[in-house]
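You asked for a colleague's reading of this model before it goes any further. My remarks are set out as numbered points, to be read alongside the coordinates.

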Amino acid sequence: MGRVYNFSAGPAVLPEEVLKEAAAEMLDYQGTGMSVMEMSHRSKAFEEIIQTAERDLRDLMGIPDNYKVLFLQGGASQQFAMIPMNLMKNRVADYIITGQWAKKAAKEAEKYGKVNRIASSEDKTFSYIPDCSDLPVSEDADYVYICENNTIYGTKYKELPNTKGKILVSDVSSCFLSEPIDVEKYGVIYGGVQKNIGPAGVVIVIIREDLITEEVLPGTPTMLTYKTHADADSLYNTPPAYGIYICGKVFKWLKSMGGLSVMKEHNEKKAKLLYDFLDQSKLFKGTVEKKDRSLMNVPFVTGNPDLDAKFVKEAKAAGLENLKGHRTVGGMRASIYNAMPYEGVEALVAFMKKFEEENL
Ligand SMILES: Cc1ncc(COP(=O)(O)O)c(C=O)c1O
């Protein structure tokens, strides 16, 4: 069997060029006679890999010099704890609850201090982003936390919240590098790479330098202190070396594609194809308020769970994989990250049309 169109929410599709390049270098990375997997993280070759990766990421995102880039482990979920451990100086933080991931992050932060849930869209199963232009931001909050793209529900902030001068912390796991962002609006930007950038096992944290301090909560492990990793340029201990190498290749791929503005155009074009179809369909319907629709994750339903299951099964047989919605939501979800080609979305829409004709 050849390659399928993989609509998984993560781990997810990666650019074929990157996978082919990595395959070609598997046994002998650039004349070193070994795989990057087998190489010391202190070697010259790896030093160049991680430094180039950081430089390319800085170029792509326009990361200012007063921000550090850290390549860490532990998944995005580990950041749910690292953020309060490192940033909760007053032991107070404000969370905006737009889905399961923000909810989990807030619950974790509660282990360390007072969490104010200053807005939520749970009243309508997280199908929208609350108005965040004038929220009751707490006077003594150490930061305001958001999950910028909600992987499960398919919503995305089109405007950042007004944090009234407080530090903004954002989980960008499922919209990482999908469009340009203004890094200076954030204190911390972080994400697991397994959706838009590389293999699971790497988390990228972009953090303003003044937030990296030794004054962390008592008992914070060395490994969970940002300063440990910042001081050692992400080489305090053995980093997820092979994963970082693949991330580096994806950064090069993104640059060769024209960077994040071009990527945004591609992503808008792909998403439009699918949303336009959903908006006129008599069988399928999108589940999210139009103004808040994600470019990356597109949930949809027929309204009939048996028909949804039939759709997922028949789509799989047609080479369209991983379209089943999240277990907490049901229905379908198409994740159309950077590496999903336009042709993949065309194939999906053609299949949906055919399914509609046969099942309406
Ligand atoms: C937005 C978001 N945040 C956090 C996570 C958790 O990531 P991890 O499995 O790397 O801990 C996910 C995983 O799907 C996610 O989509």
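The points below take up the sheets, their inner strands, some backbone details and the internal cavity.

1. The model is a predicted one, and the remarks that follow should be read with that in mind. An open sheet of 7 strands has the order β2-β10-β9-β8-β5-β3-β4, and its pairing is mixed. Its edge strands are β2 (67-72) and β4, each of which pairs on one side only. From one strand to the next, the twist averages 20 degrees.

2. Strand β3 deserves a careful look in this sheet. Of its 6 residues (92-97), 6 are buried, so the strand is largely enclosed by the rest of the structure. In a regular strand the side chains alternate between the two faces of the sheet. Here Val-92, Asp-94 and Ile-96 point one way from β3, while Ala-93, Tyr-95 and Ile-97 point the other way, and all are buried. The reader may wish to note that an aspartate, Asp-94, is included among these buried residues.

3. The pairing of β3 can be followed on both of its partners. With strand β4 (residues 114-120), β3 runs parallel and is joined by 6 bridges; within this pair, Val-92 stands opposite Lys-114, and Ile-96 stands opposite Ala-119. With strand β5 (residues 144-147), β3 also runs parallel, joined by 2 bridges, and there the bridge partner of Asp-94 is Val-144.

4. How is the chain routed between β3 and β4, which run parallel and are joined by 6 bridges? The chain crosses from β3 through helix α4 (residues 100-109) to β4, and this β-α-β crossover is right-handed.

5. Strand β8 (residues 168-171) is covered on both faces: Leu-168 and Ser-170 lie on one side, Val-169 and Asp-171 on the other, and all are buried. The strand pairs with β5 in the parallel sense over 4 bridges, and in that pairing Ile-146 stands opposite Ser-170. Towards strand β9 (residues 188-192), β8 is again parallel, with 3 bridges, and the bridge partner of Asp-171 is Tyr-190 in β9. Ser-170 and Asp-171 are therefore both buried residues that can be located through their bridge partners, Ile-146 and Tyr-190 respectively.

6. There is also an open sheet of 3 strands, in the order β11-β12-β14, with antiparallel pairing. Its edge strands are β11 (285-286) and β14 (332-335), each pairing on one side only. Strand β12 (residues 297-301) and β14 run antiparallel and are joined by 4 bridges, with Asn-297 standing opposite Ser-335.

7. Some backbone details merit inspection by eye. The peptide bond from Gly-10 to Pro-11 is cis, with omega near -10 degrees, and Pro-11 is found in the loop between β1 (5-6) and α1 (16-24). Gln-30, although not a glycine, has a positive phi of about 45 degrees; this residue lies in the loop between α1 and α2 (44-61). Arg-91 likewise has a positive phi, of about 60 degrees, although it is not a glycine, and is found in the loop between α3 (75-87) and β3.

8. Are these two positive-phi residues, Gln-30 and Arg-91, buried or exposed? Gln-30 has a relative accessible area of 58% and is therefore exposed, the cut-off being over 50%. Arg-91, with a relative accessible area of 38%, is partly exposed.

9. Val-4 offers a link between parts of the chain that are separated in sequence. This residue lies in the segment before β1, and at 27% relative accessibility it counts as partly exposed. Val-4 and Glu-321 are 317 residues apart in sequence, yet their C-alpha atoms are 6.8 Å apart in space.

10. The last point concerns internal space. Rolling a probe the size of a water molecule over the atoms shows where empty space is left. A search of the whole structure finds 1 cavity of 30 Å³ or more, and the largest cavity has a volume of about 80 Å³. Its lining consists of Met-61, Glu-148, Lys-156, Val-172, Cys-175, Phe-176, Leu-177, Glu-179, Ile-181 and Leu-260. By class, this lining has 7 nonpolar and 3 charged residues, with no polar ones. The charged residues in the lining deserve a look in the model, and they include Glu-148, Lys-156 and Glu-179.

Notes. Residues numbered from 1 in each chain as written. Predicted model: local features only at pLDDT ≥ 70, side-chain atom pairs only at ≥ 80, totals over all residues. Heavy atoms only, no water. 1 Å grid on protein atoms, 1.4 Å probe; cavity = no way out; pocket = protein on both sides within 12 Å on 5 of 7 lines; lining within 4 Å. Points joined across faces, edges and corners; volume = space filled by probe spheres on them. Buried < 20%, exposed > 50% of the residue type's maximum accessible area, 1.4 Å probe, protein only. Pairing = 2+ DSSP bridges. Right-handed = clockwise from strand over helix to strand, strands pointing away. Axes fitted to C-alpha atoms, helices over the stretch in contact; angles between N-to-C directions.
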